[in-house]
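Please open the structure in your viewer and keep the selection tool at hand. This tour moves from whole chains to single residues, with a suggestion at each stop for what to select next.

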Amino acid sequence: MRKTIEKVYMGIILVFMYLPIVTMIILSFNSSKSRAKWGGFTFDWYINLASDSEIINAFANTLIIALISTVVATIIGTATCVAMMGLHKKSRSVIMGITNIPMINADIVTGISLMLLFRFLHFNAGFITVLIAHITFNIPYVMLSVMPRMKTINPSVYEAALDLGAEPFFAFRKTVLPDLMPAVISGAMMAFTMSLDDFIITYFTKGSGFDTLSTKIYSEVKRGIQPEIYALSAIIFIIVIVLMVGSRQLKARNSAASSKKEISYEKRKGLSKKTILLLAAACGVIVVIGLTFGGVFKTEDNQVYVYNWGEYIDPEVITMFEEETGIKVIYDEFESNEIMYAKIASDNSAYDVICPSDYMISRMIQEGMLQELDWNSLPYASENIDPNYLESAASFDEGNKYAVPNFCGTVGILYNKTLVDDPVTSWDILWDEKYAGQILMQDSVRDAFMVALAKNGYSINSTDPAQLEEAAAELIAQKPLVQAYVIDQVRDKMIGGEAALGVIYSGEALYTQRENSDLEYVIPDEGSNVWLDGWCITRDSKHTENALKWINFMCREDIALMNFEYVTYTTPNLKAQELIEDETIRNSTVAFPTEDTLSRCEVYTYLGQDADELYNELWKKIKAAD
Amino acid sequence: MAKELIRLEHVSKSYDGNMILDDLNLSIHENSFVTILGPSGCGKTTTLRIIGGFETPDQGRVIFDGQDITNLAPNKRQLNTVFQKYALFTHMDIAQNIAFGLKIKNKTDAYIKDKIKYALKLVNLEGFEHRMPDSLSGGQQQRVAIARAIVNEPKVLLLDEPLGALDLKLRQDMQYELIRLKNELGITFIYVTHDQEEALTMSDHIVVMNQGYIQQEGSPEKIYNEPENAFVADFIGDSNIIHATMVQDKLVRILGANFSCVDTGFGINTPVDVVIRPEDVELVPRGKGTLPGKVSHVIFKGVHYEMEVEAGGFEWLVHSTRMAQVGDEVDISVDPFNIQVMNVPASEDEEAIEIDV
Amino acid sequence: MFNNRQTSRLLASPYIAWAVIFIVVPLAMIFFYGLTDESGALTFANVAAIARPENLKSLGLALVLALISTIICFLLAYPLAMILASNKISSQGIITTLFILPMWMNFLLRTMAWMTLLENKGVINGILSFFGLPTINIINTSAAIVIGMVYNFLPFMILPLYNALARIDDSVINAARDLGANAVQTFFKITLPLTIPGILSGITMVFIPALTTFAISTMLGGSKILLIGNVIEQEFTLSYDWNMGAGLSLVLMLFIIVNMVVTMMTDKSSNS
């Protein structure tokens with residue numbers, strides 16, 4: 001009876017622990033891109049994964065960081081433990097006290113503290129900073145595993161070896177180390193696990209163009225998860241199981257061997273040495289593979305760091321650019337202007353080309369964060385970009401000195417016709433209690449406020465505190481009805497029927513309609529935001545020439561067309577527009593809004609630092625509200 | 001004879017298909033000091049645990065004071081245990097450890113205080129009330145464990161190899177201590193050990209176990225002087241165990257020589273085993289004894305000489321206060337009373353017990 | 001090596017240097033940034049910002065959710081650890097491994113999987129509606145965050161509890177029973193007190209990461225629910241106010257220090 005209850009209890013907890021993992025494995029074979037429905041069995045995601053260099057790179061980086069940091073931490077940690085035995089008790093407890101800090105401290109604090117240090121030292125964040133951070137939090141795990149064992153070691157064994165004429169290091173290796181080994185190995189395993197699992201510290205110490213698996217997933221999640229990630233999870237899980245079973249069997253065999261007396265001491269030593277050699281060789285192979293794939297140590301300077309919106313380019317285009325120019329592209333994505341700004345503003349970013357929107361371009365120009373473009377190096381841009389758009393761009397970039405228009409679009413409401421029966425003509429519907437829990441709002445300050453300001457008939461560039469307070473009150477009142485504040489996830493959630501209404505950018509509308517024909521895009525009567533973003537080069541760019549080549553390439557008509565067809569936002573590239581074959585798209589009012597619609601819409605302008613702070617303050621209040 | 005306090009009836013127990021106890025019957029009398037003696041794995045600890053209530057037998061019954069307690073939880077039994085590894089509560093001080101059982105029984109504070117004092121005095125640990133167990137030596141911890149058990153005034157105290165972890169000197173001291181305690185408390189002690197010297201020193205009654213069977217029980221003298229089989233003879237003290245033939249009543253042929261003995265009833269020309277203690281082997285000049293032999297080793301042991309004598313193709317172990325020289329030609333002679341004749345094991349089960357320990 | 005101070009110092013020096021540069025100095029940086037404004041002038045405004053209603057609220061919510069998660073983890077893990085520790089069978093290692101195995105999957109992967117499970121049209125609701133049962137709306141609520149916390153941090157509670165329980169000698173439990181305590185008394189008077197160090201380290205290992213998480217709340221809370229971790233993260237990634245972020249981190253450190261002191265005090269009292 002009692003045994004049964006115990007078994008049932010363990011079973012329930014096991015289900016709880018493994019349900020998510022099983023789910024991911026099942027989804028990795030789901031041919032439908034949406035998680036909500038089963039579209040049939042497929043291996044596509046595994047095939048895609050093999051060619052998805054971003055995910056593979058991130059995975060390789062994770063392994064390399066984990067391996068190197070484990071090895072370094074194990075050596076330093078073990079050496080320190082050995083040294084501790086010869087130190088004063090006082091210095092010993094001071095060292096242990098410091099060692100405890102990263103263990104007890106919250107990851108977020110450790111991560112931030114290291115980030116502040118790297119920034120203070122003007123240390124370019126990237127592989128090295130993440131590695132240092134991982135070594136730092138790994139050493140304590142090794143020491144806390146080795147230290148208790150160290151205390152049980154009888155020094156006279158070591159002394160006996162010295163007495164018999166052994167050199168100190170040889171004596172240590174032959175007497176102390178074998179005793180210490182199990183603790184060293186378990187400490188190393190712990191460190192390796194922690195390094196693989198870490199997200200927060202990596203998140204704060206990673207720089208531009210460098211991702212580990214966790215940071216990659218975090219940005220993926222914000223944008224909508226690619227099924228390739230499920231495939232990767234399934235593979236990782238299988239590897240983990242194989243490793244576990246393998247190590248258990250190895251252990252079982254070793255313990256069986258050591259229990260048999262006829263196996264001589266010497267022989268057993270040989271066996272463990274072989275195992276260690278094997279492990280070392282395996283580590284070496286993984287590192288080499290990782291380095292080749294990850295290109296971590298590639299120091300070649302013929303590269304360009306691009307920082308663009310998520311899902312805002314046809315990946316094929318990057319490959320084409322690399323092939324045609326021989327320039328290596330380090331490509332990163334951001335979710336909002338503000339996140340991008342924070343990254344560029346921190347001294348240790350390395351991005352050359354960025355793609356901010358109107359108001360952000362204006363702000364960055366004002367703050368001297370961009371450099372003037374040499375239009376002579378941008379023949380395609382001069383030829384292909386619609387002068388009308390250049391004129392609009394001039395409103396935030398006088399004389400078109402800093403930005404080459406990339407895409408433009410509107411913000412509107414995407415709704416599911418099967419779930420919404422009222423006519424959608426006004427922002428008011430987002431406050432309709434009928435749709436409580438079915439509404440998706442944008443998780444970005446300006447867009448959220450735009451909705452509330454437009455609803456109340458104010459300018460979407462309002463800086464009037466009274467109007468903003470009012471808008472904030474509206475948003476707080478709306479919050480209980482909101483299912484979630486998301487950015488690119490609106491797309492997936494709307495396709496999957498998770499929500500009825502969502503605030504979305506026009507480009508996503510076409511894509512989602514293709515996936516789910518029940519969806520409809522509307523720009524409410526009160527008006528909305530029309531935005532324009534453009535390619536800019538950062539002030540501190542170290543690869544200006546390559547950056548210009550990138551921008552120019554993006555303006556080539558065939559490339560612009562590829563991008564347009566991929567992201568479906570309005571392209572300001574005239575020649576590309578002419579090349580669009582699909583009539584319905586060429587005439588789509590979503591992709592190319594009418595003059596009438598545009599007349600209702602406003603471009604965001606930079607509101608100045610004070611207004612910005614006010615927006616941020618209010619936004620935090622909204623987020624903290626119930 | 002005092003009245004019977006505990007009786008095990010047909011008790012069997014096995015783990016994972018391994019028979020630990022097989023149809024064990026045992027009776028323990030009031031106010032006795034009973035030792036269950038045997039090599040590790042013989043089932044002695046299991047027997048104790050069944051009495052203590054930590055194991056339930058697969059078959060059979062445990063009768064305590066006339067009542068069936070086979071399925072009674074340990075906390076409901078009127079006996080207490082002193083564990084091998086002391087099993088002190090490390091998060092409590094000595095006084096709290098000793099008070100544990102009394103607090104459970106809701107005794108008054110004054111009563112508890114008195115009892116702690118009394119118990120600590122009894123085990124010679126006065127003033128240790130507020131020490132923590134970790135700060136005590138092994139011997140002191142063992143005394144606390146005893147004190148903790150006896151304050152509950154059990155009818156029976158079970159001791160599971162309580163001296164096993166102590167060094168020799170301490171162990172000898174504790175043996176006297178335990179005898180004294182038993183006499184002062186006037187309760188029954190059931191003591192489990194693999195140390196025959198401990199058993200012989202302290203017990204009124206010894207139960208020798210091996211392979212889940214009781215091999216022999218009786219007073220220490222009886223067990224030592226009249227072992228019933230080769231296992232008991234070998235386990236208790238040194239002995240010469242020799243295959244022999246019972247020629248007729250009172251005459252046994254050992255290694256080709258006829259020895260007089262006192263045993264009868266084995267029949268004629270029956271194969272038997274004989275046990276002769278080394279101190280019972282007399283070395284006499286050649287021609288004066290029964291079996292001729294030659295001294296091969298001599299070691300001085302303090303109270304006696306330990307010698308090995310090659311005679312009749314057997315290495316005889318001899319303890320004697322009179323020394324012989326290596327190479328001396330001697331005869332072996334044994335007093336008929338000192339020859340213990342035993343049946344040769346008949347079944348396979350019994351054969352199995354002849355494992356050298 | 002064991003008594004040669006010179007060698008020992010030499011051997012310890014790499015770590016001491018490392019620890020000073022990458023542990024001590026960075027902590028000092030947090031204090032420096034947290035207690036200054038943009039111009040570098042001394043100010044307590046960044047720390048005091050915790051008193052703002054929105055920050056206080058996110059801290060309060062984080063405390064409540066972390067506390068609930070810790071309690072749930074404890075209640076789930078203790079019986080499990082007891083079962084694991086009491087099974088002295090050969091498969092014990094495998095079973096223990098089984099509960100630790102998910103830790104090897106990346107933390108974000110596991111959390112992401114919960115998004116998939118808990119969504120309104122997610123796996124759990126799919127199963128529920130398949131059986132004609134009412135569906136649950138749990139994603140983007142505090143409950144979802146608690147589930148995420150419990151799931152991610154449960155192994156950190158199981159491990160120390162298991163270690164503490166496995167260390168208790170059977171005979172100690174038997175001794176208590178022998179002295180007349182019933183199963184319940186034995187548990188509360190012996191087992192529980194003996195595992196206090198394990199309980200404390202389990203609580204620390206669950207409570208601190210739960211209190212300071214921002215990934216779980218972002219992923220399972222739909223950015224609707226702001227915990228103190230999110231607030232701090234946003235100071236760095238959105239508002240670009242490093243001083244404020246550092247100042248709020250200092251507040252978090254206060255909680256960690258309190259936790260540490262409590263742990264140390266309990267440790268001492270149980271050792272003295």
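The stops below go through the chains, their contacts, and then a few local features of this predicted model.

**Stop 1: chain A as a whole**

Begin by selecting chain A, whose C-alpha atoms fill a box of roughly 95 × 70 × 50 Å along the principal axes. Within chain A there are 27 helices and ten strands, and buried residues make up 48% of its 626 residues. Among the contacts in chain A with a separation of 6 or more, 78% are between residues 24 or more positions apart.

If you colour chain A by domain, use residues 2–42 for domain 1, 49–235 + 262–293 for domain 2, 303–407 + 531–583 for domain 3, and 408–530 + 614–624 for domain 4. Where domain 1 meets domain 2 in chain A, six residues of domain 1 are in contact with five residues of domain 2. The side of domain 1 that touches domain 2 in chain A consists, by class, of three nonpolar, two polar and one charged residues.

**Stop 2: chain B as a whole**

Select chain B next, which has nine helices and 20 strands, and whose C-alpha atoms fill a box of roughly 80 × 45 × 40 Å along the principal axes. Of the 357 residues in chain B, 41% are buried, and residues 24 or more positions apart account for 66% of the chain B contacts with a separation of 6 or more.

**Stop 3: where the chains meet**

Now show all chains together and ask: which chains share the most contacts? Of the two pairs of chains in contact, it is chains A and C that share the most, with 81 residues of chain C in contact with 84 residues of chain A. To see the side of chain C that touches chain A, select helices 1 (5–34), 3 (53–86), 4 (92–100), 5 (107–118), 10 (196–212), 11 (215–221), 12 (228–237) and 13 (242–271) of chain C, each of which supplies at least two residues to it. Helix 1 of chain C gives the most to that side, with 19 residues, and by class the side of chain C that touches chain A has 52 nonpolar, 22 polar and seven charged residues.

Turn then to chains B and C, where the contact takes 18 residues from chain B and 16 residues from chain C. On the chain B side, strand 6 (79–82) and helix 2 (94–104) each supply at least two residues, and helix 2 of chain B gives the most, with three residues. The residues of chain B on the side that touches chain C divide into seven nonpolar, eight polar and three charged. Chain A and chain B, by contrast, do not touch, and their nearest C-alpha atoms are 16 Å apart.

**Stop 4: a sheet in chain B**

Select strands 2, 1, 4 and 5 of chain B, which in that order form an open sheet of four strands with antiparallel pairing. Strand 2 (18–29) and strand 5 (67–68) of chain B each have a single partner strand, so they stand at the edges with one side left without a neighbour in the sheet. Zoom in on strand 4 (residues 59–64) of chain B, which two bridges join to the antiparallel strand 5 of chain B. Here Ile63(B) has Asp68(B), in strand 5 of chain B, as its bridge partner.

**Stop 5: helix 4 of chain A**

Select residues 89–104 of chain A, which form helix 4, with end C-alpha atoms 22 Å apart. Which of the residues of helix 4 of chain A are buried? They are Ile95(A), Thr99(A), Ile101(A) and Pro102(A), and seen down the helix axis these buried residues fall within an arc of 135°, so they line one face of the helix. Rotate to the face turned away from the buried side, and you will find the exposed residues Lys89(A), Lys90(A), Ser93(A) and Gly97(A). The cover over the buried residues of helix 4 of chain A includes helix 3 (53–84), helix 5 (107–120) and helix 6 (127–152) of chain A, together with helix 1 of chain C.

**Stop 6: Asn552(A)**

Finish at Asn552(A), which lies in helix 22 (residues 544–555) of chain A. Asn552(A) is partly exposed, with 19 other C-beta atoms within 10 Å. Leaving aside neighbours within four places in sequence, Asn552(A) is in contact with Ser377(A), Leu378(A), Pro379(A), Tyr380(A) and Ala381(A). Select Ser382(A) as well, which is 170 residues from Asn552(A) in sequence and 9.1 Å away in space, C-alpha to C-alpha.

Methods:
Residues are numbered from 1 along each chain as its sequence is written. Chains are lettered from A and ligands numbered from 1 in the order in which they are written. This is a predicted model: local features need pLDDT of at least 70, side-chain atom pairs count only at pLDDT 80 or more; totals for chains, interfaces and linings use all residues. Two strands pair if DSSP finds at least two bridges between them. Two residues are in contact if their C-beta atoms, placed from the backbone, lie within 7 Å. Ala, Val, Leu, Ile, Met, Phe, Trp, Tyr, Cys and Pro count as nonpolar, Asp, Glu, Lys and Arg as charged, and the others, Gly among them, as polar. The expected span of a helix is 1.5 Å times one less than its number of residues. A residue is buried if 20 or more other C-beta atoms lie within 10 Å of its own, exposed if 12 or fewer, and partly exposed in between; C-beta atoms are placed from the backbone. The arc is that of the directions from the helix axis to the C-beta atoms. Domain bounds come from an automatic or database domain assignment.
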